[in-house]
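Q: I would like to look closely at a single part of this structure. Could you take me through it step by step, with each term explained along the way?

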Amino acid sequence: KRLILCCNQFFYLHFFSTCAYSRLSFYFPVMKMLWLFGSFLFFQVAYHLIVTIFGYGLQRLDPSMIAICRDSIWLVLFGIIAVLGINYWKAYFEQWWKIWLGFGGLLGFSVLISFFFFHKSPSDILIGIKYGLWWMSILLTASWIGFYFGQKKQNLNWIFPYLKWGLVGIVMLGRIWQFGKLLFPDFFFSLGYGKLDDFHFGVNPPLYYLTGFEGALRWQGLFSGPNNYGYFLVLFFPLILYFFPFKKQLSFLSWIKENGVSFLVVVLWIVSICATISRAALLGLVLLLAMACFPVLKQHKKQLFVSGLFVVLAFVWLSLRKWESTQAHVQAKVWGFLEVLNTPLWFGLGSSGPAVHHGGDKLPENYYLQLMLDIGTVGFLMRCGVMLLGSYQLKKLRLVVLSQGKWNDEVYQIFLALQKGFLAFLVMGLFLHVFEDSMVNYLFFSLYGMSLGWLTRRGGDEW
């Protein structure tokens with residue numbers, strides 16, 4: 001009887017899962033899922049404006065509820081594709097199980113230690129995950145979405161023109177929005193913006209951010225702050241260089257004619273980074289320009305030396321101009337480092353970094369110190385282990401691409417561009433809590449993870 005009962009339960013489970021799969025396959029074909037994915041990214045672009053207008057201006061929605069709604073939509077999108085691709089789970093986890101296991105172990109360790117040893121509330125734990133580890137979950141879930149599209153043999157090349165001009169549109173709209181705030185401040189005050197100021201959590205976002213009291217105006221585009229805007233610009237700058245390459249020409253006039261659009265877009269991007277007056281963003285820009293120009297600069301050592309000297313002097317000048325901020329950053333990093341040495345067994349999730357706006361009390365101004373204060377040296381080493389597993393995945397991907405002769409495949413080239421932006425972003429983490437903005441995390445890591453997942457599936461059996 002028990003055997004018959006178990007068989008009946010299995011039959012009903014299989015029957016209902018098959019019905020759900022059939023229904024979802026009917027209502028959500030592959031192209032519709034791609035459009036839903038794109039719609040989610042469009043929502044992300046407008047996220048800060050929605051929070052400002054409906055959260056602080058009209059006061060119709062709680063900003064935290066908008067964030068919860070955004071995360072829920074992403075998980076629902078992932079869940080739908082997980083059901084649609086139920087037959088592909090085995091193939092996916094054959095390639096990704098180590099990274100998922102490592103991330104699950106890191107997440108479980110962090111949550112259990114924080115809850116049972118440091119008695120952190122569920123709210124503190126969720127906040128700590130948001131600011132420290134949520135970007136990993138976005139990347140991994142997006143890798144499944146990309147793998148599913150690859151399994152369905154969905155061509156992604158048609159998306160790239162939308163991505164290309166969408167990125168340009170985000171920056172152009174940001175410039176228009178910023179000029180509008182200069183010309184019509186009263187109108188933007190009515191939308192929900194506050195006075196010229198620095199960031200203060202839970203109050204109306206400032207019309208413009210300032211470099212200290214009565215300092216220079218800092219540009220933030222459509223994002224929640226200048227640093228956040230800088231994250232976005234640095235992450236996608238290599239992709240802009242890929243989409244708008246410079247072509248060699250014999251004469252200056254022919255060069256201008258051939259590269260006019262590329263020149264304008266790249267200059268717009270660089271000027272936008274400089275307008276954030278973020279030293280971390282400028283450092284990321286310098287690193288990316290060095291990577292792009294190194295093959296030429298290494299043949300001209302004098303120009304390389306002069307360029308390096310100019311960059312150093314520029315950073316010294318900017319640091320002196322923002323002297324109070326420079327002092328605060330240095331003191332915070334030194335304090336954070338000493339705190340890690342004195343308490344290597346951590347304080348629990350939600351104790352440091354941007355969590356200071358929610359009850360935390362430690363602000364080291366460094367993403368890596370933030371992790372060590374939250375989850376300790378053990379948790380930080382586990383996180384490094386997950387990153388190493390990811391690096392091994394990238395190494396296998398490179399070997400597969402080389403063996404298949406698909407080095408010039410457009411998806412792979414776009415992935416490499418995103419990879420360069422990510423490397424510069426990790427360096428910026430030495431100076432800021434770079435994973436603090438979920439808006440930037442969703443925009444970048446959804447595309448990064450999806451392209452990686454698509455490429456691993458297209459690699460086929462060579463994995």
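A: What follows is a close look at one helix, and then at two single residues elsewhere in the chain.

This is a predicted model, in which local features need pLDDT of at least 70 and side-chain atom pairs count only at pLDDT 80 or more, while totals for chains, interfaces and linings use all residues. Residues are numbered from 1 along each chain as its sequence is written, and side-chain values use heavy atoms, with hydrogens and water left out.

Helix H2 covers residues 30–45, where a helix is a DSSP run of H or I with at least four residues, a strand is a run of E with at least two, and both are numbered from the N terminus. From its first C-alpha to its last, H2 with its 16 residues reaches 23 Å, close to the 22 Å expected at 1.5 Å a residue, the expected span being 1.5 Å times one less than the number of residues.

Val30, Met33, Leu34, Phe37, Phe40, Leu41, Gln44 and Val45 of H2 are buried, that is, under 20% relative accessible area with a 1.4 Å probe, counting protein chains only, whereas exposed means over 50% and partly exposed lies in between. These residues lie on the same side of H2, because they cover an arc of only 155 degrees around the axis, taken from the directions from the helix axis to the C-beta atoms. Among the elements that cover them are helix H3 (47–57) and helix H17 (438–458).

Thr52, in helix H3, is buried too, with a relative accessible area of 1%. Leaving aside neighbours within four places in sequence, Thr52 is in contact (heavy atoms within 4.5 Å) with Gly57, Leu191, Gly192, Tyr193 and Pro205.

Gly225, in the loop between strand S2 (217–218) and helix H10 (226–243), is buried at 2%.
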